[in-house]
Amino acid sequence: MTVCNVCGKPLDAPVYIGDARSSITTLNKVIEGQTEVFHCQGCDHVQTAELPELERFYAEEYSINEDGLDDDQLYEIRDGTEVYRSEHQARVLLSKLDLRGAPKVLDYGAAKGATLRKIVAAKPDAVPYLFDVTSRYEAFWRDFAKDAQWASFAINREWTGTLDVVTSFYALEHIPRLDDVLAEIKSLLRPGGTFYFIVPNTYQNWADFIVADHVNHFSRCSLEVMLHRAGFSDIVIDEEAHASAFVVHCKAVEIQSSVRPEVSLSTDKVNRLAEFWSSARRHIARQEKDLSHGEKLAVYGAGVYGNFILACLSEPDRVACFLDQNRFLQGKEINGFRIVHPDAIPDNVTGVFVGLNPLTARSIIASVQSLQSKNIRCFFLD
Ligand SMILES: [Zn+2]
(Lines give C-alpha, C1' and ligand atoms only; values in the text may rest on other atoms or scores of the structure.)
Protein backbone atom coordinates (compact mmCIF):
# COMPACT_ATOMS: atom_id res chain seq x y z
CA MET A 1 0.00 0.00 0.00
CA THR A 2 1.33 3.42 -0.94
CA VAL A 3 0.96 6.10 1.73
CA CYS A 4 1.29 9.87 1.44
CA ASN A 5 4.82 11.21 2.11
CA VAL A 6 3.30 14.29 3.78
CA CYS A 7 0.38 13.09 5.94
CA GLY A 8 0.74 9.29 5.99
CA LYS A 9 -2.77 8.64 4.65
CA PRO A 10 -3.14 5.62 2.30
CA LEU A 11 -3.36 6.78 -1.30
CA ASP A 12 -6.17 5.87 -3.70
CA ALA A 13 -5.61 4.68 -7.27
CA PRO A 14 -3.12 6.73 -9.32
CA VAL A 15 -4.45 9.72 -11.25
CA TYR A 16 -1.79 9.27 -13.94
CA ILE A 17 0.20 6.28 -15.21
CA GLY A 18 3.07 7.00 -17.58
CA ASP A 19 3.99 4.99 -20.64
CA ALA A 20 6.63 2.28 -20.20
CA ARG A 21 8.90 4.04 -22.68
CA SER A 22 8.65 7.57 -21.36
CA SER A 23 9.61 7.61 -17.65
CA ILE A 24 11.94 10.59 -17.78
CA THR A 25 14.16 12.10 -15.10
CA THR A 26 15.12 15.74 -14.61
CA LEU A 27 18.37 14.92 -16.40
CA ASN A 28 16.35 13.77 -19.42
CA LYS A 29 17.29 10.12 -19.08
CA VAL A 30 14.61 7.57 -19.85
CA ILE A 31 14.55 4.98 -17.07
CA GLU A 32 12.79 1.63 -16.75
CA GLY A 33 9.32 1.44 -15.28
CA GLN A 34 6.04 3.29 -15.50
CA THR A 35 5.60 6.51 -13.53
CA GLU A 36 2.53 6.46 -11.27
CA VAL A 37 1.24 9.74 -9.84
CA PHE A 38 -1.17 9.90 -6.88
CA HIS A 39 -3.25 12.73 -5.39
CA CYS A 40 -3.66 12.55 -1.60
CA GLN A 41 -7.20 13.31 -0.48
CA GLY A 42 -5.98 13.98 3.07
CA CYS A 43 -3.59 16.89 2.41
CA ASP A 44 -3.62 17.69 -1.36
CA HIS A 45 -0.11 16.33 -1.90
CA VAL A 46 0.72 14.94 -5.33
CA GLN A 47 3.16 12.07 -5.20
CA THR A 48 5.07 9.92 -7.68
CA ALA A 49 5.81 6.31 -6.72
CA GLU A 50 9.54 5.61 -6.53
CA LEU A 51 10.79 3.53 -9.42
CA PRO A 52 13.34 0.81 -8.52
CA GLU A 53 15.69 2.21 -11.17
CA LEU A 54 15.94 5.52 -9.27
CA GLU A 55 18.51 4.23 -6.82
CA ARG A 56 20.93 3.38 -9.61
CA PHE A 57 20.15 6.72 -11.26
CA TYR A 58 21.15 8.67 -8.14
CA ALA A 59 24.25 6.56 -7.55
CA GLU A 60 25.59 6.78 -11.07
CA GLU A 61 24.19 9.76 -12.87
CA TYR A 62 22.91 12.44 -10.57
CA SER A 63 25.58 15.12 -10.56
CA ILE A 64 24.14 18.46 -11.63
CA ASN A 65 26.68 21.17 -12.42
CA GLU A 66 29.70 19.28 -11.18
CA ASP A 67 32.04 20.61 -13.82
CA GLY A 68 33.33 23.54 -11.81
CA LEU A 69 32.54 26.29 -9.37
CA ASP A 70 31.15 28.70 -11.95
CA ASP A 71 29.11 26.13 -13.81
CA ASP A 72 25.55 27.02 -12.86
CA GLN A 73 22.08 26.89 -14.39
CA LEU A 74 20.84 29.91 -16.29
CA TYR A 75 17.77 31.32 -14.51
CA GLU A 76 16.86 34.14 -16.88
CA ILE A 77 18.27 36.83 -19.12
CA ARG A 78 17.35 40.18 -17.51
CA ASP A 79 17.99 43.35 -19.53
CA GLY A 80 20.51 41.46 -21.67
CA THR A 81 22.43 40.07 -18.67
CA GLU A 82 22.51 36.37 -17.78
CA VAL A 83 21.27 35.70 -14.25
CA TYR A 84 22.23 32.36 -12.74
CA ARG A 85 19.99 30.29 -10.55
CA SER A 86 22.17 30.46 -7.41
CA GLU A 87 22.48 34.22 -7.84
CA HIS A 88 18.71 34.65 -8.01
CA GLN A 89 18.19 32.30 -5.06
CA ALA A 90 20.64 34.27 -2.92
CA ARG A 91 19.01 37.57 -3.87
CA VAL A 92 15.51 36.33 -3.00
CA LEU A 93 16.66 34.91 0.35
CA LEU A 94 18.43 38.14 1.28
CA SER A 95 15.24 40.08 0.50
CA LYS A 96 13.21 37.87 2.85
CA LEU A 97 15.46 37.08 5.83
CA ASP A 98 17.25 39.42 8.19
CA LEU A 99 20.78 38.02 8.50
CA ARG A 100 22.19 40.53 10.97
CA GLY A 101 24.08 39.43 14.12
CA ALA A 102 26.37 36.66 12.78
CA PRO A 103 23.66 34.03 12.18
CA LYS A 104 24.69 30.39 11.68
CA VAL A 105 23.28 29.34 8.30
CA LEU A 106 23.29 25.68 7.20
CA ASP A 107 22.63 24.67 3.61
CA TYR A 108 21.07 21.20 3.96
CA GLY A 109 21.69 19.19 0.78
CA ALA A 110 24.14 21.86 -0.26
CA ALA A 111 25.80 20.30 -3.33
CA LYS A 112 28.52 22.83 -4.12
CA GLY A 113 26.95 25.41 -1.81
CA ALA A 114 26.81 27.97 -4.62
CA THR A 115 23.86 29.88 -3.14
CA LEU A 116 25.27 29.99 0.39
CA ARG A 117 28.60 31.22 -0.99
CA LYS A 118 26.79 34.18 -2.56
CA ILE A 119 24.81 34.84 0.65
CA VAL A 120 28.03 34.95 2.69
CA ALA A 121 29.65 37.23 0.11
CA ALA A 122 26.76 39.69 0.62
CA LYS A 123 26.58 39.23 4.43
CA PRO A 124 30.16 38.47 5.54
CA ASP A 125 29.27 38.04 9.22
CA ALA A 126 26.91 35.11 8.42
CA VAL A 127 28.55 31.82 9.44
CA PRO A 128 28.22 29.15 6.72
CA TYR A 129 27.51 25.46 7.46
CA LEU A 130 27.14 22.78 4.78
CA PHE A 131 25.75 19.27 4.65
CA ASP A 132 25.12 16.73 1.90
CA VAL A 133 24.52 12.99 1.77
CA THR A 134 27.65 12.51 -0.34
CA SER A 135 31.30 13.49 0.07
CA ARG A 136 31.77 14.51 -3.56
CA TYR A 137 31.38 18.25 -2.83
CA GLU A 138 33.84 18.61 0.05
CA ALA A 139 36.50 20.19 -2.18
CA PHE A 140 34.08 23.03 -2.93
CA TRP A 141 33.32 23.66 0.77
CA ARG A 142 36.81 23.72 2.28
CA ASP A 143 37.75 27.22 1.25
CA PHE A 144 34.74 28.97 2.73
CA ALA A 145 33.62 26.97 5.78
CA LYS A 146 35.65 25.73 8.74
CA ASP A 147 36.06 21.95 9.16
CA ALA A 148 33.59 21.74 12.04
CA GLN A 149 31.01 23.51 9.91
CA TRP A 150 30.54 20.97 7.18
CA ALA A 151 29.56 17.32 7.15
CA SER A 152 29.05 14.59 4.56
CA PHE A 153 26.75 11.53 4.83
CA ALA A 154 25.36 12.42 8.31
CA ILE A 155 24.90 15.74 10.07
CA ASN A 156 27.18 16.75 12.93
CA ARG A 157 25.25 16.15 16.20
CA GLU A 158 27.10 19.02 17.85
CA TRP A 159 25.07 21.42 15.71
CA THR A 160 21.83 20.33 17.39
CA GLY A 161 19.69 23.24 18.55
CA THR A 162 22.30 25.84 17.62
CA LEU A 163 21.55 26.96 14.05
CA ASP A 164 19.70 30.17 13.22
CA VAL A 165 18.76 29.31 9.63
CA VAL A 166 18.57 26.06 7.67
CA THR A 167 18.15 26.36 3.91
CA SER A 168 17.24 23.76 1.30
CA PHE A 169 17.20 24.53 -2.43
CA TYR A 170 15.42 21.99 -4.65
CA ALA A 171 15.91 18.97 -2.39
CA LEU A 172 12.59 18.10 -0.73
CA GLU A 173 10.96 17.10 -4.03
CA HIS A 174 13.41 14.16 -4.24
CA ILE A 175 12.88 12.82 -0.68
CA PRO A 176 10.26 10.17 0.12
CA ARG A 177 10.89 10.19 3.89
CA LEU A 178 9.91 13.78 4.51
CA ASP A 179 9.05 13.19 8.20
CA ASP A 180 12.62 12.07 8.99
CA VAL A 181 14.30 14.91 7.12
CA LEU A 182 12.03 17.60 8.57
CA ALA A 183 12.53 16.24 12.08
CA GLU A 184 16.29 16.42 11.56
CA ILE A 185 16.14 19.98 10.23
CA LYS A 186 13.94 21.03 13.15
CA SER A 187 16.36 19.42 15.64
CA LEU A 188 19.25 21.45 14.23
CA LEU A 189 17.50 24.82 14.62
CA ARG A 190 17.45 26.83 17.83
CA PRO A 191 13.90 27.58 19.07
CA GLY A 192 12.58 30.35 16.82
CA GLY A 193 15.14 29.53 14.10
CA THR A 194 14.13 29.73 10.45
CA PHE A 195 13.72 26.97 7.88
CA TYR A 196 13.89 28.44 4.37
CA PHE A 197 13.44 26.33 1.23
CA ILE A 198 12.52 26.21 -2.45
CA VAL A 199 10.62 23.41 -4.19
CA PRO A 200 9.16 23.24 -7.74
CA ASN A 201 5.59 24.33 -8.42
CA THR A 202 4.13 21.64 -10.66
CA TYR A 203 1.08 23.79 -11.42
CA GLN A 204 3.31 26.35 -13.13
CA ASN A 205 5.81 24.03 -14.80
CA TRP A 206 3.86 21.01 -15.97
CA ALA A 207 6.99 18.93 -16.71
CA ASP A 208 7.49 18.57 -12.96
CA PHE A 209 4.38 16.33 -12.86
CA ILE A 210 5.97 13.56 -14.96
CA VAL A 211 9.65 13.54 -13.98
CA ALA A 212 10.41 10.24 -12.29
CA ASP A 213 12.92 11.55 -9.74
CA HIS A 214 10.54 14.15 -8.28
CA VAL A 215 8.54 12.00 -5.89
CA ASN A 216 6.90 15.03 -4.24
CA HIS A 217 4.81 17.66 -6.01
CA PHE A 218 3.74 20.14 -3.36
CA SER A 219 0.76 22.47 -3.24
CA ARG A 220 0.30 25.40 -0.89
CA CYS A 221 -1.94 23.15 1.21
CA SER A 222 0.38 20.12 1.38
CA LEU A 223 3.29 22.41 2.31
CA GLU A 224 1.30 23.84 5.21
CA VAL A 225 0.27 20.37 6.43
CA MET A 226 3.85 19.08 6.19
CA LEU A 227 5.34 22.03 8.11
CA HIS A 228 2.63 22.04 10.77
CA ARG A 229 3.15 18.31 11.41
CA ALA A 230 6.91 18.85 11.69
CA GLY A 231 6.56 21.60 14.33
CA PHE A 232 6.95 24.80 12.34
CA SER A 233 4.79 27.93 12.50
CA ASP A 234 4.60 31.41 10.92
CA ILE A 235 4.59 29.74 7.50
CA VAL A 236 5.06 32.13 4.55
CA ILE A 237 4.69 30.70 1.01
CA ASP A 238 5.60 32.84 -2.02
CA GLU A 239 4.68 31.66 -5.54
CA GLU A 240 5.98 34.73 -7.36
CA ALA A 241 9.58 35.34 -6.24
CA HIS A 242 11.08 32.41 -8.16
CA ALA A 243 9.64 31.20 -11.50
CA SER A 244 7.69 27.91 -11.26
CA ALA A 245 8.63 27.42 -7.61
CA PHE A 246 7.38 27.83 -4.06
CA VAL A 247 9.71 29.88 -1.86
CA VAL A 248 8.86 29.02 1.74
CA HIS A 249 10.05 30.11 5.16
CA CYS A 250 8.80 29.24 8.64
CA LYS A 251 9.90 29.16 12.26
CA ALA A 252 10.76 26.22 14.53
CA VAL A 253 8.48 26.26 17.58
CA GLU A 254 8.73 24.32 20.83
CA ILE A 255 5.00 23.76 21.24
CA GLN A 256 3.00 23.43 18.06
CA SER A 257 -0.39 25.07 17.78
CA SER A 258 -3.24 22.54 17.85
CA VAL A 259 -5.02 24.40 15.04
CA ARG A 260 -4.40 22.34 11.92
CA PRO A 261 -4.20 23.93 8.48
CA GLU A 262 -7.46 23.75 6.56
CA VAL A 263 -7.30 21.28 3.67
CA SER A 264 -8.57 22.33 0.26
CA LEU A 265 -8.04 19.98 -2.67
CA SER A 266 -6.65 21.01 -6.07
CA THR A 267 -8.56 18.19 -7.79
CA ASP A 268 -9.43 20.11 -10.98
CA LYS A 269 -5.85 21.29 -11.49
CA VAL A 270 -4.42 17.82 -10.81
CA ASN A 271 -6.86 16.19 -13.23
CA ARG A 272 -5.96 18.78 -15.85
CA LEU A 273 -2.26 17.89 -15.54
CA ALA A 274 -2.97 14.15 -15.70
CA GLU A 275 -5.20 14.64 -18.74
CA PHE A 276 -2.65 16.89 -20.44
CA TRP A 277 0.14 14.31 -20.17
CA SER A 278 -2.09 11.35 -21.10
CA SER A 279 -3.42 13.09 -24.18
CA ALA A 280 0.02 14.49 -25.11
CA ARG A 281 1.17 10.96 -25.87
CA ARG A 282 -1.85 10.26 -28.11
CA HIS A 283 -1.50 13.69 -29.66
CA ILE A 284 2.17 13.14 -30.60
CA ALA A 285 1.29 9.73 -32.10
CA ARG A 286 -1.46 11.31 -34.28
CA GLN A 287 0.82 14.15 -35.41
CA GLU A 288 3.54 11.65 -36.29
CA LYS A 289 1.09 9.59 -38.38
CA ASP A 290 0.24 12.68 -40.45
CA LEU A 291 3.84 13.18 -41.53
CA SER A 292 4.81 12.12 -45.01
CA HIS A 293 7.25 9.27 -45.55
CA GLY A 294 10.86 10.26 -44.97
CA GLU A 295 10.02 13.73 -43.63
CA LYS A 296 12.78 15.11 -41.35
CA LEU A 297 12.00 16.63 -37.96
CA ALA A 298 13.55 18.71 -35.23
CA VAL A 299 12.51 18.92 -31.58
CA TYR A 300 12.43 22.44 -30.13
CA GLY A 301 13.58 22.46 -26.50
CA ALA A 302 16.22 20.08 -25.10
CA GLY A 303 14.60 19.77 -21.66
CA VAL A 304 12.01 17.41 -20.21
CA TYR A 305 9.22 18.35 -22.66
CA GLY A 306 11.44 17.79 -25.72
CA ASN A 307 12.80 14.49 -24.42
CA PHE A 308 9.28 13.33 -23.59
CA ILE A 309 8.38 13.94 -27.25
CA LEU A 310 11.46 12.03 -28.38
CA ALA A 311 10.50 9.09 -26.14
CA CYS A 312 6.95 9.06 -27.58
CA LEU A 313 7.95 9.05 -31.27
CA SER A 314 7.61 5.66 -32.94
CA GLU A 315 10.28 6.64 -35.49
CA PRO A 316 12.81 8.73 -33.57
CA ASP A 317 15.25 8.32 -36.48
CA ARG A 318 13.34 11.02 -38.33
CA VAL A 319 14.72 13.55 -35.83
CA ALA A 320 17.67 15.50 -37.26
CA CYS A 321 18.50 17.48 -34.10
CA PHE A 322 17.23 19.39 -31.09
CA LEU A 323 16.86 23.18 -31.25
CA ASP A 324 17.48 25.26 -28.13
CA GLN A 325 18.19 28.93 -27.44
CA ASN A 326 20.27 28.14 -24.34
CA ARG A 327 23.88 28.66 -25.44
CA PHE A 328 25.12 26.33 -22.68
CA LEU A 329 23.33 23.45 -24.41
CA GLN A 330 24.26 24.26 -28.00
CA GLY A 331 26.95 21.95 -29.38
CA LYS A 332 26.18 19.28 -26.76
CA GLU A 333 24.30 16.03 -27.35
CA ILE A 334 21.18 14.74 -25.64
CA ASN A 335 20.04 11.11 -25.97
CA GLY A 336 22.21 10.78 -29.08
CA PHE A 337 21.02 13.96 -30.84
CA ARG A 338 22.90 17.19 -31.43
CA ILE A 339 21.56 20.44 -29.92
CA VAL A 340 21.80 23.50 -32.18
CA HIS A 341 20.63 27.12 -32.17
CA PRO A 342 17.19 27.50 -33.85
CA ASP A 343 18.84 29.54 -36.64
CA ALA A 344 20.98 26.51 -37.49
CA ILE A 345 18.00 24.31 -38.31
CA PRO A 346 19.03 21.96 -41.15
CA ASP A 347 17.48 22.74 -44.56
CA ASN A 348 15.87 19.32 -44.93
CA VAL A 349 13.79 19.72 -41.73
CA THR A 350 10.15 20.45 -42.56
CA GLY A 351 8.46 19.89 -39.20
CA VAL A 352 9.25 20.88 -35.62
CA PHE A 353 7.82 19.25 -32.51
CA VAL A 354 7.65 21.92 -29.83
CA GLY A 355 8.89 20.70 -26.43
CA LEU A 356 8.19 23.76 -24.28
CA ASN A 357 5.99 24.59 -21.29
CA PRO A 358 2.52 24.80 -22.93
CA LEU A 359 1.81 27.96 -20.92
CA THR A 360 4.40 29.85 -22.99
CA ALA A 361 5.16 27.59 -26.00
CA ARG A 362 3.14 29.43 -28.65
CA SER A 363 4.44 32.89 -27.83
CA ILE A 364 8.05 31.65 -27.79
CA ILE A 365 7.71 29.90 -31.17
CA ALA A 366 6.03 32.98 -32.70
CA SER A 367 9.17 34.96 -31.86
CA VAL A 368 11.62 32.53 -33.51
CA GLN A 369 12.40 34.12 -36.89
CA SER A 370 14.10 31.10 -38.45
CA LEU A 371 10.97 28.96 -38.03
CA GLN A 372 8.56 31.66 -39.17
CA SER A 373 10.54 32.69 -42.25
CA LYS A 374 11.02 29.12 -43.51
CA ASN A 375 7.35 28.36 -42.95
CA ILE A 376 8.13 25.21 -41.00
CA ARG A 377 5.17 23.26 -39.61
CA CYS A 378 5.11 23.32 -35.80
CA PHE A 379 3.44 20.63 -33.70
CA PHE A 380 2.47 21.56 -30.16
CA LEU A 381 1.88 19.29 -27.14
CA ASP A 382 -1.70 20.51 -26.64
ZN1 LIG B 1 -1.37 13.48 2.30
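Mentor: Let's start with a cut-off: a residue counts as exposed if 12 or fewer other C-beta atoms lie within 10 Å of its own, and as buried if there are 20 or more. Keep in mind that this is a predicted model.

Trainee: Fine. Is Asn375 buried or exposed, and how do you know?

Mentor: Asn375 has 7 other C-beta atoms within 10 Å, so it is exposed. You'll find Asn375 in the loop between helix H10 (369-373) and strand S19.

Trainee: What makes the phi of Asn375 worth a look?

Mentor: The sign. Most residues other than glycine have a negative phi. Asn375 is not a glycine, yet its phi is positive, about 55°.

Trainee: Which value of phi does Asp234 have?

Mentor: Near 50°, again positive in a residue other than glycine. Asp234 sits in strand S12.

Trainee: Why is Asp234 called exposed?

Mentor: The count for Asp234 is 12 C-beta neighbours inside 10 Å. The limit reads 12 or fewer, so a count of 12 still qualifies as exposed.

Trainee: And Val83, what do you call that one, and why?

Mentor: Val83 has 15 C-beta neighbours inside 10 Å. That lies between the limits of 12 and 20, so Val83 counts as partly exposed. Val83 belongs to strand S5. Beyond its neighbours within four places in sequence, Val83 is in contact with Tyr75, Glu76, Arg78 and His88.

Trainee: How do you know that S4 and S5 are paired?

Mentor: Pairing takes at least two bridges. Strand S4 (residues 74-78) and strand S5 (residues 81-84) have 4, in the antiparallel sense. One place to look is Ile77, which stands opposite Glu82 in S5.

Trainee: What lies between S4 and S5?

Mentor: The two strands form a hairpin with 2 residues between them, and Asp79 in that turn has a positive phi of about 50°.

Trainee: On to helices. Why are H2 and H3 called oblique?

Mentor: Helix H2 (residues 85-96) and helix H3 (residues 114-122) pack at about 50°, with their axes 8 Å apart. Roughly parallel needs an angle under 35 degrees and roughly perpendicular needs 65 to 115, so 50° leaves this pair oblique. The crossing itself is right-handed. On the H2 side the contact residues include Ala90 and Leu93, and on the H3 side they include Lys118 and Ile119.

Trainee: What makes H6 count as largely enclosed?

Mentor: In helix H6 (residues 220-229), 7 of the 10 residues are buried, so the rest of the structure largely encloses it. Those buried residues are Cys221, Ser222, Leu223, Glu224, Val225, Met226 and Leu227.

Trainee: Which elements do the buried residues of H6 pack against?

Mentor: Helix H5 (178-188), strand S12 (232-238) and strand S13 (245-252). After H6 comes Gly231, with a positive phi near 90°.

Trainee: Now the sheet. In which order do its strands run?

Mentor: The order is S16-S17-S15-S14-S18-S19, an open sheet of 6 strands with mixed pairing.

Trainee: Why are S16 and S19 called edge strands?

Mentor: Strand S16 (333-334) and strand S19 (377-379) each have a single partner strand, so one side of each lacks a neighbour in the sheet. For S19, the pairing with strand S18 (residues 349-354) is parallel over 3 bridges. In that pair, Phe353 has Phe379 as its bridge partner.

Trainee: How do you know that S15 pairs with S17?

Mentor: S15 and strand S17 (residues 337-340) share 2 bridges in the parallel sense. The cut-off is at least two, so 2 is just enough for a pair. Leu323 is bridged to Val340 of S17.

Trainee: What joins S15 to S14?

Mentor: The two run parallel and are joined by 4 bridges. Val299 is found opposite Phe322 in S15. Between these strands the chain goes from S14 through H8 to S15, a right-handed β-α-β crossover.

Trainee: Where does H8 lie?

Mentor: Helix H8 (residues 304-312) lies across strand S14 (296-300), strand S15 (319-323), S16 and S18, at about 150° to S14. Angles over 145 count as roughly antiparallel, so H8 is roughly antiparallel to S14.

Trainee: Last one: what makes S15 mostly covered?

Mentor: Of its 5 residues, 4 are buried.

Notes:
Residues numbered from 1 in each chain as written. Predicted model: local features only at pLDDT ≥ 70, side-chain atom pairs only at ≥ 80, totals over all residues. Contact = placed C-beta atoms within 7 Å. Axes fitted to C-alpha atoms, helices over the stretch in contact; angles between N-to-C directions. Right-handed = clockwise from strand over helix to strand, strands pointing away. Left-handed = near helix turned anticlockwise from the far one by under 90°.
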